[in-house]
Protein chains: 2
Amino acid sequence: MSDVKTLTSGVIALDAEAIKAFASLFDPQPYHLDQQAADNSIFGGLCASGWQVAALSSRLAGEALREAGMTYITTTHVDSMRWLRPSFVGDELMARISLGEQSPGGPVPDAHTQDLTVTVEDGAGHPVAEMQCQVAVAVEGS
Amino acid sequence: MSDVKTLTSGVIALDAEAIKAFASLFDPQPYHLDQQAADNSIFGGLCASGWQVAALSSRLAGEALREAGMTYITTTHVDSMRWLRPSFVGDELMARISLGEQSPGGPVPDAHTQDLTVTVEDGAGHPVAEMQCQVAVAVEGS
């Protein structure tokens, strides 16, 4: 187990096709689906569904945990998810992960429960979303 | 504005291709990506990423609100998201939406803030996820 308390993830860039494809399935709003409608919306540009950002935040956090030697399995509970500003085409999303308490056991067999605070930033350093959650991390050697 | 306090959504069936496509982008775990690996996993079958279920819960809730005459705009804050059991290929997901307090204003212009509790069920009536959240609903006539 690592004694690192904060982690920084890799980067995932948002592209227009991925934003539109996600929105068509899960969040069919004009400002997620159509460039011109988005340009004329209150957001002023094509931006990602908050759920796409949420799912990416979990992926970025999971990858960062694995790189730090903790085998991320799944997110088991979200205590809070807030979206702070829109995420636009071209934004290079990355996550800063703060490791909270780790408790033995939880809903996943052979795993600890790890509390996390995940802050997603765009490439300009603006926070776009913040999630407080619990994830299952494999017990070493199991 | 409706005085209905609970709503029932339409149904979205999970299919294997959608589960794999979502997981490859957001949650690349063997039990979301590969039928054989999933059959041999603790879940015993190909199941959807929790984030896919979360995004679908928001879509189902938004559609149910619109059908009830409330113009859902977006989910602004999640207070709690819990996954209760896996959602498998063929599950016909639907949502039961309990309407909580409505407060004037919020982060979205010309919108009220509506508290919701959304319970997603599989086709057999088992709850698979529960979300407590706040959504923005357009002020009528705005």
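Here are some notes on this two-chain model, which is predicted.

1. **How the chains relate.** Start with the symmetry. Turn chain B by 180°, with 0.0 Å of shift along the axis, and chain B superposes on chain A with an RMSD of 0.0 Å. That is what a two-fold axis does.

2. **The contact between them.** Chain A and chain B each put 21 residues into the contact. On the chain B side, helix 4 (50-67) and strand 2 (72-83) each supply at least two residues. Strand 2 of chain B gives the largest share of that side, 10 residues. By type, the chain B side splits into 10 nonpolar, seven polar and four charged residues. Of the interface residues of chain B, 100% are interface residues in chain A too, so the copies meet through the same surface.

3. **Strand against strand.** Have a look at strand 2 (residues 72-83) of chain A, which is joined to strand 2 of chain B by four bridges. The two strands run antiparallel. If you want a pair to click on, V78(A) sits opposite M81(B), a residue of strand 2 of chain B.

4. **Helix 4 of chain A.** This helix covers residues 50-67, 18 residues in total. From first C-alpha to last it reaches 26 Å, close to the 26 Å expected at 1.5 Å a residue. Is it enclosed or open? Of its 18 residues, 15 are buried, so helix 4 of chain A is largely enclosed by the rest of the structure. Just after the helix comes G69(A), with a positive phi of about 90°.

5. **An aspartate to check in both chains.** Most residues other than glycine have a negative phi. D110(A) goes the other way: its phi is near 55°, a positive value. D110(A) belongs to the loop between strand 3 (92-103) and strand 4 (111-121) of chain A, and it counts as partly exposed because 13 C-beta neighbours lie inside 10 Å. Over in chain B, D110(B) also has a positive phi, near 55°. D110(B) is in the loop between strand 3 (92-103) and strand 4 (111-121) of chain B. With 13 C-beta neighbours inside 10 Å, D110(B) is partly exposed.

6. **E140(B).** This residue is in the segment after strand 5 (127-138) of chain B. Is E140(B) buried or exposed? Exposed, because just 11 other C-beta atoms are within 10 Å of E140(B), and the cut-off for exposed is 12 or fewer. As for its distance from L99(B), the two are 41 residues apart along the chain, and 17 Å separates their C-alpha atoms.

Definitions and conventions
Residues numbered from 1 in each chain as written. Chains lettered and ligands numbered in written order. Predicted model: local features only at pLDDT ≥ 70, side-chain atom pairs only at ≥ 80, totals over all residues. Expected span 1.5 Å × (residues − 1). Buried ≥ 20, exposed ≤ 12 C-beta atoms within 10 Å, placed from the backbone. Contact = placed C-beta atoms within 7 Å. Nonpolar A, V, L, I, M, F, W, Y, C, P; charged D, E, K, R; others polar. Pairing = 2+ DSSP bridges. Least-squares fit on C-alpha atoms with pLDDT ≥ 70 in both.
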